Amino acid sequence: MQNTKPHAALLASPGMGHLIPVLELGKRLVTYHGFHVTLFVVATDASTTQSLLKEPYPNINIITLPLVDISGLIDPAATVVTKLAVMMRETLPSLRSAILALKSPPTALIVDLFGTKAFAVAEEFNMLKYVFDTSNAWFFAITIYVPTIDRNLEDKHIIQKQPLRIPGCKSVRFEDTLPAYLDRNDQTYIEYKRIGIEMPMADGILMNTWEDLEPTTLGALRDFQMLGRVAKAPVYPIGPLARPVGPSVPRNQVLNWLDNQPYESVIYVSFGSGGTLSSEQMAELAWGLELSKQRFVWVVRPPVDNDADGAFFNLDDGSEGIPSFLPEGFLDRTSEVGLAVPMWAPQVEILAHPSVGGFLSHCGWNSTLESIANGVPMIAWPLYAEQKMNATILTEELGVAVQPKTLASERVVVRAEIETMVRKIMEDEEGFGIRKRVNELKHSGEKALSSKGGSSYNSLSQIAKQCELSLH
Ligand code: UDP
């Protein structure tokens with residue numbers, strides 16, 4: 001019998017920052033564009049990944065690929081990027097077998113940034129191949145421009161620390177570039193360069209952004225000469241994928257606590273799925289929150305210099321559970337106004353809660369979009385990866401965030417500066433302006449996703465059409 005529904009196979013690399021948007025893409029393909037989806041995930045023992053995958057998702061078949069032992073293949077001190085790249089490469093044989101074992105062959109394979117080696121598998125099975133860059137267009141532009149930089153040797157940027165020009169796009173300041181772009185002998189640089197060459201080989205490039213958010217960069221990306229691209233893969237902005245399709249998480253302690261707080265009175269503090277601070281920085285942050293006298297929800301993780309290494313505390317566990325790395329008495333003094341949540345919190349639901357009025361964030365792109373999609377102003381506190389670029393977009397281009405000035409000098413941000421910033425977005429005149437702008441962006445994002453002619457909705461419809469055509 002002829003298949004009538006297009007079937008997309010999605011491949012997510014390990015890490016919640018990759019899995020969450022890939023899963024959301026799958027849900028949208030199923031809910032709005034008539035797809036059947038198979039989601040391939042590399043097994044990890046992260047409890048957050050496991051609990052996300054435990055949920056039933058109608059018409060999404062989740063297949064876990066075995067985790068490959070890569071310890072003998074890389075330097076133990078290798079960066080996360082290198083580890084992910086090697087892991088995804090080593091997973092290819094099991095991906096291939098899993099696709100072969102499917103009852104109906106998928107029409108298309110959609111991989112994230114780290115999965116482009118799987119294009120070979122897609123070609124072998126005559127599938128369309130797409131890459132979903134879960135970040136923004138500006139980051140995508142620099143990634144595919146890396147091979148050209150490599151040819152031209154951008155010495156000014158590297159030696160004289162000048163801004164890095166990306167034709168047609170905003171330049172990237174030296175201090176905002178990833179260290180990986182600066183060292184041609186670094187394995188991370190080599191992997192990025194490879195990814196930059198492979199991504200444009202796709203039949204289409206999906207991005208978690210939208211036309212009205214990054215019109216200039218998207219325009220540059222469509223001008224194939226400009227970025228030295230040889231392959232003419234069309235660019236599809238499909239975002240913001242930031243508000244989950246389907247049921248939300250059940251009520252829990254944090255959401256119940258938020259129910260009892262005044263409208264837009266709480267600042268939410270979180271550094272993404274893995275971000276951590278030094279113990280000195282953490283203590284300053286605690287003091288800054290306390291001095292600001294604002295209500296807060298803070299997702300607390302052990303500091304990076306903590307010997308305890310993952311042996312985490314339980315904040316509900318009486319005095320013994322109170323972590324030594326928070327200032328003495330902090331939890332008691334703030335118990336009326338604040339909630340410190342260990343390790344992980346239901347972020348999307350928190351940001352959507354009417355009591356939340358600000359977000360101190362590490363500016364991971366998912367967190368950024370989740371804040372915008374809920375009209376929540378931000379304090380941009382980037383830590384790693386492309387987060388400094390994201391913070392620049394938020395503060396300088398969109399005007400929806402403030403940023404600690406001290407971060408640029410890589411010193412500890414002290415309590416007084418934190419107190420001032422928190423007050424600025426929660427109480428001050430400047431905060432009202434930011435709130436107004438972020439709400440305008442929220443509506444712009446909603447418009448892009450609308451089934452009544454929204455640009456991002458139309459992008460996914462075009463992909464659906466390509467897949468349907470290849471069924472016949
Ligand atoms: N997240 C969450 N609860 C947490 C921390 C993170 O639900 O306590 C989710 C967050 O909503 C986002 C993702 O994990 O969807 C993190 O992605 P992001 O791109 O912001 O940062 P990354 O973790 O990749 O650095």
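This is a short dialogue on reading a ligand shell, a helix crossing and two buried helices in a predicted model.

Colleague: What should I know before I start?

Modeller: Residues are numbered from 1 along each chain as its sequence is written. This is a predicted model, in which local features need pLDDT of at least 70 and side-chain atom pairs count only at pLDDT 80 or more, while totals for chains, interfaces and linings use all residues.

Colleague: How many residues surround the ligand, and which are the closest?

Modeller: A residue is near a molecule if its C-beta atom, placed from the backbone, lies within 6 Å of it. Here 17 residues surround the ligand. The closest are G17, G272, S273, G364 and S367.

Colleague: Which helices supply at least two residues of that shell?

Modeller: Helices are DSSP runs (H or I, at least four residues), and strands are too (E, at least two), numbered from the N terminus. Helix 1 (16-33), helix 13 (347-352) and helix 14 (365-373) each do so. The largest share, 4 residues, comes from helix 14.

Colleague: How does the shell divide by class?

Modeller: Ala, Val, Leu, Ile, Met, Phe, Trp, Tyr, Cys and Pro count as nonpolar, Asp, Glu, Lys and Arg as charged, and the others, Gly among them, as polar. The shell has 7 nonpolar, 9 polar and 1 charged residues.

Colleague: Is helix 14 buried or exposed?

Modeller: A residue is buried if 20 or more other C-beta atoms lie within 10 Å of its own. In helix 14, 9 of its 9 residues are buried. Among them are W365, S367 and E370. The cover includes helix 1, helix 13, strand 11 (356-361), strand 12 (378-380), helix 15 and helix 17 (429-449). Just after helix 14, G375 takes a positive phi of about 65°.

Colleague: Why is helix 15 largely enclosed?

Modeller: 8 of the 11 residues of helix 15 (residues 387-397) are buried, so the rest of the structure largely encloses it. K388, M389 and L394 are among the buried ones. G399 follows helix 15, with a positive phi near 65°.

Colleague: How do I read a helix pair?

Modeller: Two packed helices are described by the angle between their axes and the distance between the axes. Axes are lines fitted to C-alpha atoms over the stretch in contact, with angles from 0 to 180 degrees between N-to-C directions. The axes of helix 3 (residues 80-90) and helix 8 (residues 187-198) come within 8 Å and cross at roughly 55°.

Colleague: Which residues meet there?

Modeller: Contact requires C-beta atoms, placed from the backbone, within 7 Å. V81, T82 and A85 in helix 3 meet Q187, T188, E191 and Y192 in helix 8. These contact residues divide into 3 nonpolar, 3 polar and 1 charged.

Key
Contact = placed C-beta atoms within 7 Å. Buried ≥ 20, exposed ≤ 12 C-beta atoms within 10 Å, placed from the backbone.
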